[in-house]
Amino acid sequence: MAVNGSAPSAAVVVLVTGPDAGTLEALGRQVVEDRLAACVNVIPQVSSVYRWRGAVHQDAEAMAVIKTTRDVVEELRHKVLDAHPYDVPEFLVLNIDDGSRAYLSWLAESVGERTNDGDG
């Protein structure tokens, strides 16, 4: 995992689907405020086809694309799973192999400047 041929990237993307954009926007705002993510993009409508309890279903959902760092994934996972309305929420962590050095630096700084004083 190199960033433009340099040191490995600590950045990851986490994919989470949910019942609607409002649910994921609220979750996204919370994880950014808590510095568990630098940015959350909410795609308001995706069509999901999946197997659940022995049957194939198709539903409209929303998707959150969460940009964060490997160091906070476990804390992010707990926050998402605790707040999520689904029995089995999607929580997929994808490694970032490369990217814009400036963007990845901003991402790391946005997540890395965490405090416990309520300011972020």
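These legends walk through several close-up views of one predicted model.

Local features are described where pLDDT is at least 70 and side-chain atom pairs where pLDDT is 80 or more, while totals for chains, interfaces and linings use all residues. Residues are numbered from 1 along each chain as its sequence is written, and side-chain values use heavy atoms, with hydrogens and water left out.

**View 1. The overall fold has three helices and four strands.**
Helices (H or I, at least four residues) and strands (E, at least two) are DSSP runs, numbered from the N terminus. Reading from the N terminus, you will meet the elements in the order β-α-β-β-α-β-α. Of the 120 residues in the protein, 35% are buried; here buried means under 20% relative accessible area, exposed means over 50%, and partly exposed is in between (1.4 Å probe, protein chains only). A contact means heavy atoms within 4.5 Å. Among contacts with a separation of 6 or more, 71% are between residues 24 or more positions apart.

**View 2. Helix 1 has a buried side and an exposed one.**
The 13 residues of helix 1 reach 18 Å from first C-alpha to last, close to the 18 Å expected at 1.5 Å a residue; the expected span is 1.5 Å times one less than the number of residues. Ala21, Leu24, Leu27, Gly28 and Val31 are the buried residues to look for in helix 1. These residues lie on the same side of helix 1 because they cover an arc of only 130° around the axis; the arc is that of the directions from the helix axis to the C-beta atoms. An α-helix has 3.6 residues a turn, so residues three or four places apart point the same way. On the other side of helix 1, Ala26 and Arg29 are exposed. The cover over the buried residues of helix 1 includes strand 1, strand 2, strand 3 and helix 2.

**View 3. Two details mark the ends of helix 1.**
At its start, a side-chain oxygen of Asp20 comes within 3.1 Å of the backbone nitrogen of Gly22. After helix 1 comes Arg35, with a positive phi near 60°.

**View 4. Strand 2 and strand 3 form an antiparallel pair.**
Strand 2 (residues 39–52) meets strand 3 over twelve bridges; two strands pair if DSSP finds at least two bridges between them. Follow Ser47 across to strand 3 and you arrive at its bridge partner, Ala60. The hairpin of these strands has two residues between them, and there Arg53 takes a positive phi near 50°.

**View 5. Leu76 of helix 2 sits in the largest nonpolar core.**
A nonpolar core is a set of buried Ala, Val, Leu, Ile, Met, Phe, Trp, Tyr and Cys residues joined through side-chain atoms within 4.5 Å. This one has 28 residues, and Val14, Val16, Val31, Ile66, Leu76 and Phe91 touch the most other members. Strand 1, helix 1, strand 3, helix 2 and helix 3 each supply at least two residues of the core, and strand 1 gives the most, with six. Beyond its neighbours within four places in sequence, Leu76 is in contact with Val14, Val31, Leu36, Ile66, Thr68 and Phe91. In helix 2 (residues 73–83), the buried residues are Val73, Leu76 and Val80. Their arc around the axis is only 60°, which puts them on the same side of helix 2. Strand 1 (11–18), helix 1 (21–33), strand 3 (55–69) and strand 4 (92–95) are among the elements that cover them.

**View 6. Helix 3 packs against strand 1 and strand 3 through its buried residues.**
The twelve residues of helix 3 (residues 101–112) should span 16 Å at 1.5 Å a residue, and the end C-alpha atoms agree at 16 Å apart. Leu104, Leu107, Ser110 and Val111 are buried in helix 3. An arc of only 125° around the axis puts these residues on the same side of helix 3. Turn to the other side of helix 3 for Ala102 and Gly112, which are exposed.

**View 7. Thr17 of strand 1 is a buried residue with a polar contact.**
Thr17 has a relative accessible area of 6%. Its side chain and that of Glu90 are joined by a polar contact of 3.1 Å; the term covers a pair of N or O atoms within 3.5 Å, where within protein one must be able to donate a hydrogen and the other to accept it, and residues adjacent in sequence count only if both atoms are side-chain atoms. Leaving out residues up to four places away in sequence, Thr17 touches Leu24, Glu61, Ala62, Met63, His84, Tyr86 and Glu90.
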